[in-house]
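Colleague: Please take one buried charged residue and look closely at its place, then go on to the packing and strands elsewhere in the model. I am new to this, so please explain each term once.

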Amino acid sequence: MLIRRRPTWYIPESRATPESAYLDRRNFLKGAGAVAAGLTLGSAGCADQATRAQPAPANADPRFRTSLPSTPTAGLYPAHRNAAFTLDRELTDELVAATYNNFYEFTTTKEQVWRLAESLSIRPWTVDIAGLVKQPKRWDIDQLIRKLPLEERLYRHRCVEAWAMAVPWTGFPLRSLVDLVQPNSNAKFIRFFSLADKKTMPGLSAGYPWPYNEALTMDEAANDMALIATGIYGHQLPKQHGAPIRLVLPWKYGFKSIKSIVRIEFTDKRPPTFWNTASPQEYGFYANVNPQVPHPRWSQASERLIGTGARRPTLLYNGYADRVADLYKDLKIKHFF
Ligand SMILES: Nc1nc2c(c(=O)[nH]1)N[C@H]1C(S)=C(S)[C@@H](COP(=O)(O)O)O[C@H]1N2
Ligand SMILES: [Mo]
């Protein structure tokens with residue numbers, strides 16, 4: 001994969017920072033006192049772009065709030081908040097979260113995802129349930145959502161690039177979906193695929209192993225933290241966050257939280273995954289958050305909160321060790337990669 005052969009300072013010309021943005025960036029970095037700014041500068045892979053670290057522009061087109069189509073399940077939001085999930089930090093401002101996204105199917109420029117993702121068509125939408133399962137079926141998304149128990153949860157989110165946020169997701173436990181579709185007893189892994197539609201997703205022209213895909217062990221999928229999100233900030237998911245249905249795995253690096261899912265497969269063998277295929281030296285299968293295990297090109301010891309720019313120490317399993325560490329206690333292999 002070309003990613004690894006590029007020098008760390010490589011910036012594709014199409015992504016070079018215009019001068020005005022550079023000046024803004026300097027002001028922003030000064031203001032935020034960003035200690036590790038530039039550590040990851042210029043990676044063409046899934047790395048934090050210091051050049052992208054500006055807060056959302058004040059004149060950002062506000063359409064992102066209203067671009068949600070009226071769907072048969074729009075009335076289910078806001079859902080009841082599950083009080084078991086509390087935060088140690090402020091919620092990220094909604095506009096900040098909605099204008100700083102990773103969604104490589106559209107663009108690698110985080111501030112432009114929300115605009116380009118407008119072209120995504122999210123109804124009709126179906127999700128195929130396939131593989132080692134008693135009820136293989138193509139589900140209509142609204143029929144599926146209505147079968148499952150929506151609730152709101154406040155979760156931290158930690159990108160492998162070292163930026164972080166805290167947001168209120170609405171969704172249902174992945175386990176409730178697994179129970180609904182009943183995998184066979186020989187299913188050991190669950191695999192997810194995103195939509196890959198060349199007509200609406202300009203980023204698919206880049207040389208990555210599309211469609212975006214991810215996987216978990218069945219034990220991980222059964223953990224209560226594993227959420228399928230259909231909403232955020234008390235309404236349906238806007239397109240840039242992975243509408244109409246995405247995974248949220250807050251104890252793992254953000255790239256595991258696959259967006260805009262169209263297919264879920266149960267298998268008995270560990271499947272390949274998108275980032276591990278694209279750059280196997282840099283991204284593993286488990287990707288559990290650990291401050292003491294650096295990425296080959298940068299430290300994971302601390303994280304930068306988007307919006308405020310504040311830095312905080314990274315927490316083991318992103319602060320969810322009490323809920324997930326048991327999953328890995330017998331594991332001899334490297335699960336922090
Ligand atoms: N299909 C798809 N899912 C994806 C990605 C992507 O590029 N494509 N990026 C991942 C990464 S690296 C992160 S950090 C989160 C970002 O989610 P957000 O934009 O809603 O904050 O989505 C993850 N899911
Ligand atoms: Mo990420």
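Modeller: Glu220 has its place in helix α7, residues 218–222. Helices (H or I, at least four residues) and strands (E, at least two) are DSSP runs numbered from the N terminus. This is a predicted model, in which local features need pLDDT of at least 70 and side-chain atom pairs count only at pLDDT 80 or more, while totals for chains, interfaces and linings use all residues. Residues are numbered from 1 along each chain as its sequence is written, chains are lettered from A and ligands numbered from 1 in the order in which they are written, and side-chain values use heavy atoms, with hydrogens and water left out.

Glu220 counts as buried because its relative accessible area is 2%; buried means under 20%, exposed over 50% and partly exposed in between, with a 1.4 Å probe and protein chains only. Leaving aside residues up to four places away in sequence, Glu220 has contacts (heavy atoms within 4.5 Å) with Ala226, Trp251, Lys252, Phe285, Tyr286, Leu327 and Tyr328.

Next comes the packing. The largest nonpolar core has 83 residues; such a core is a set of buried Ala, Val, Leu, Ile, Met, Phe, Trp, Tyr and Cys residues joined through side-chain atoms within 4.5 Å. Its members that touch the most others are Trp169, Leu174, Ile190, Phe192 and Phe266. Strand β4 (residues 163–173) gives this core its largest share, five residues.

Two of these members, Phe192 and Leu174, touch each other. Beyond four places in sequence, Phe192 also touches Tyr212, Asn213, Glu214, Ala215, Leu216, Ile228, Leu247, Ile258, Ile261, Arg263 and Ile264. Leu174 belongs to helix α6 (residues 174–181), where the buried residues are Leu174, Ser176, Leu177, Val178 and Val181. After α6 comes Gln182, with a positive phi near 55°.

Phe266, another of the core members named above, leads to the strands. In β10 (residues 261–267), Phe266 is the bridge partner of Gly131. Strands β1 and β10 run parallel and are joined by four bridges; two strands pair if DSSP finds at least two bridges between them. Strand β1 (residues 126–131) also pairs with strand β2 (residues 137–140), in the antiparallel sense and over four bridges. One partnership there is Val127 with Trp139 of β2. Five residues lie between β1 and β2, and the two strands form a hairpin. Thus β1 has a parallel partner in β10 and an antiparallel one in β2.
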